[in-house]
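Biologist: Could you take me through one part of this model at close range? I would like to see how a pair of helices meets, and what lies around them.

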Amino acid sequence: MLSVIPYRDEDEADEIANSTVYGLAGAVFGEPAHAMAVAGRLRTGQVDVNGGAFNPLAPFGGYKQGVSDRELGRFGLEEFLEVKSIQR
């Protein structure tokens, strides 16, 4: 299933995409440099740009409601660590 929502400009498109409580994955299609810039503004854990291939070594996880943990890669390992700062 695919949902299509009309928007007036790119700022409104960003607002619509980021207004959901979910944030596991998204996708952007367009001129590569511009699509990468838009992808950087999306509040999702993964963004496919122009149908990018799935990378099994990339950290997997999302933002927002219920999907904030990460698996795989350095970020997956960091889920099991705690940072502590001690001053004397």
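Modeller: Happy to; here is a walk from the whole chain to the helix pair and then to the core beside it. Keep in mind that this is a predicted model. The protein chain holds three helices and two strands, and along the sequence they follow the pattern α-β-α-β-α. Of its 88 residues, 17% count as buried.

Now to the pair itself. Two packed helices are described by the angle between their axes and the distance between the axes. Helix H1 covers residues 10–18 and helix H2 residues 32–41; they pack at an angle of about 40 degrees, with axes 10 Å apart. Angles from 35 up to 65 degrees fall outside the parallel and perpendicular classes, so H1 and H2 are oblique to each other. H1 passes H2 in a right-handed crossing. On the H1 side, the contact is made by Glu 10, Asp 14 and Asn 18, and H2 brings His 34, Val 38 and Arg 41. By character, the residues of this contact divide into three charged, two polar and one nonpolar.

Val 38 also leads us to the largest nonpolar core, whose six residues are Val 28, Ala 35, Val 38, Ala 39, Leu 42 and Val 49. H2 gives the most to this core, with three residues. Another member, Val 49, touches Val 28, Ala 35, Met 36 and Ala 39, leaving aside residues up to four places away in sequence. Thus Val 38 belongs both to the contact with H1 and to the core.

Terms used: Residues numbered from 1 in each chain as written. Predicted model: local features only at pLDDT ≥ 70, side-chain atom pairs only at ≥ 80, totals over all residues. Heavy atoms only, no water. Axes fitted to C-alpha atoms, helices over the stretch in contact; angles between N-to-C directions. Helix = DSSP H or I, 4+ residues; strand = E, 2+ residues; numbered from the N terminus. Parallel < 35°, antiparallel > 145°, perpendicular 65-115°, else oblique. Left-handed = near helix turned anticlockwise from the far one by under 90°. Contact = heavy atoms within 4.5 Å. Nonpolar A, V, L, I, M, F, W, Y, C, P; charged D, E, K, R; others polar. Core = buried A, V, L, I, M, F, W, Y, C linked by side-chain atoms within 4.5 Å. Buried < 20%, exposed > 50% of the residue type's maximum accessible area, 1.4 Å probe, protein only.
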